[in-house]
Amino acid sequence: MSELPQSRAILPEGWPQPRGYANGMVADGRVLVTGGLVGWNAEGIFAQGFVGQLRQTFLNIRAVVEAGGGRVEDIVRLTWYVTDIQSYRDSLREIGPIYREVFGRHFPAMAVVAVTALVEPQALLEIEATAVVAH
């Protein structure tokens with residue numbers, strides 16, 4: 001059995017503890033990156049609404065990472081692209097429980113970026129993930 005990759009959050013001395021993300025991550029292993037994943041299922045059908053698409057996108061990320069031999073704990077970065085930043089802000093109370101359902105209490109480095117559109121017209125968000133998995 002191969003050794004599990006070691007990763008840890010980076011927090012500069014004196015900085016406040018971040019809420020729901022890490023300021024930085026350091027890890028050792030093979031790098032696995034996803035393309036921008038959206039909130040559709042295996043049949044290409046989009047979930048309804050921002051929260052529905054978010055949950056499906058999280059599930060899609062987990063599926064790709066696991067297919068690459070990793071675990072959600074191996075994810076070191078998530079970059080979110082959202083077409084409506086207010087929908088994101090309005091959904092913060094719902095996002096936390098869904099995040100923990102799919103990823104547990106593992107909080108990699110994250111960024112949320114508002115964009116005007118995504119390639120898939122029905123997509124309300126797209127997320128790229130970077131994981132570092134065992135050799």
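**Figure 1. Alanine 134, in the segment after strand 6 (125–133).** The model shown here is predicted. Alanine 134 follows strand 6, which covers residues 125–133. Is alanine 134 buried or exposed? Its relative accessible area is 14%. Alanine 134 is therefore buried, since the cut-off is under 20%. The view also includes glycine 70. Along the sequence, alanine 134 and glycine 70 are 64 residues apart. In space, their C-alpha atoms are 7.4 Å apart.

**Figure 2. Threonine 34, in the loop between strand 3 and helix 1.** Strand 3 spans residues 30–33 and helix 1 spans residues 49–67. Threonine 34 lies in the loop that joins them. Its relative accessibility is 11%, so threonine 34 counts as buried. Which backbone atom does the side chain of threonine 34 reach? The partner is the backbone nitrogen of alanine 129, at 2.9 Å. Alanine 129 also appears among the residues that threonine 34 touches. The others are Val64, Ile127 and Glu128. This list leaves out residues up to four places away in sequence.

**Figure 3. Glutamine 53 and the two backbone atoms its side chain reaches.** Glutamine 53 sits in helix 1. At 2% relative accessibility, against a cut-off of under 20%, this residue counts as buried. Its side chain reaches the backbone nitrogen of leucine 124 at 2.8 Å. The side chain of glutamine 53 also reaches the backbone oxygen of alanine 47, at 3.5 Å. Which residues are in contact with glutamine 53, once neighbours within four places in sequence are set aside? They are Gly39, Phe46, Ala47, Gln48, Gln122, Ala123, Leu124 and Leu125. Alanine 47 and leucine 124 thus figure both as polar partners and in the contact list.

**Figure 4. Valine 82, in strand 4.** Strand 4 runs over residues 75–82, and valine 82 belongs to it. The relative accessible area of valine 82 is 0%, so this residue is buried. Where does leucine 124 lie relative to valine 82? The two are 42 residues apart in sequence. Their C-alpha atoms are 6.0 Å apart. Valine 82 touches Leu124, and also Leu125. Its contacts further include Phe50, Val112, Val113, Ala114 and Val115. Residues up to four places away in sequence are not counted. Leucine 124 links this view to the previous one: its backbone nitrogen is reached by the side chain of glutamine 53.

**Figure 5. The whole chain, as context for the close-ups.** The chain has three helices and six strands. From the N terminus on, their order is β-β-β-α-β-α-α-β-β. The C-alpha trace spans about 40 × 40 × 25 Å along its principal axes. How does the radius of gyration bear on the overall form? For 135 residues, a compact globule would have a value near 14 Å. The chain has 15 Å, which agrees. Of the 135 residues, 39% count as buried. Now take contacts between residues at least 6 apart in sequence: 75% of these join residues at least 24 apart. The accessible surface comes to about 7,900 Å². Carbon and sulfur atoms hold 51% of that surface. The chain carries 11 positive and 14 negative charges. The mean positions of the two sets are 7 Å apart.

How values were computed:
Residues are numbered from 1 along each chain as its sequence is written. This is a predicted model: local features need pLDDT of at least 70, side-chain atom pairs count only at pLDDT 80 or more; totals for chains, interfaces and linings use all residues. Side-chain values use heavy atoms; hydrogens and water are left out. Helices (H or I, at least four residues) and strands (E, at least two) are DSSP runs, numbered from the N terminus. Buried means under 20% relative accessible area, exposed over 50%, partly exposed in between (1.4 Å probe, protein chains only). The radius of gyration is taken over C-alpha atoms; the globule rule is 2.2 Å times the number of residues to the power 0.38. Contact means heavy atoms within 4.5 Å. Accessible areas come from the Shrake-Rupley method with a 1.4 Å probe; for residues, only the protein chains shown count as cover. Lys and Arg count as positive and Asp and Glu as negative; His and the chain ends are not counted. The place of a charge is taken as NZ of Lys, CZ of Arg, CG of Asp or CD of Glu. A polar contact is a pair of N or O atoms within 3.5 Å; within protein, one must be able to donate a hydrogen and the other to accept it, and residues adjacent in sequence count only if both atoms are side-chain atoms.
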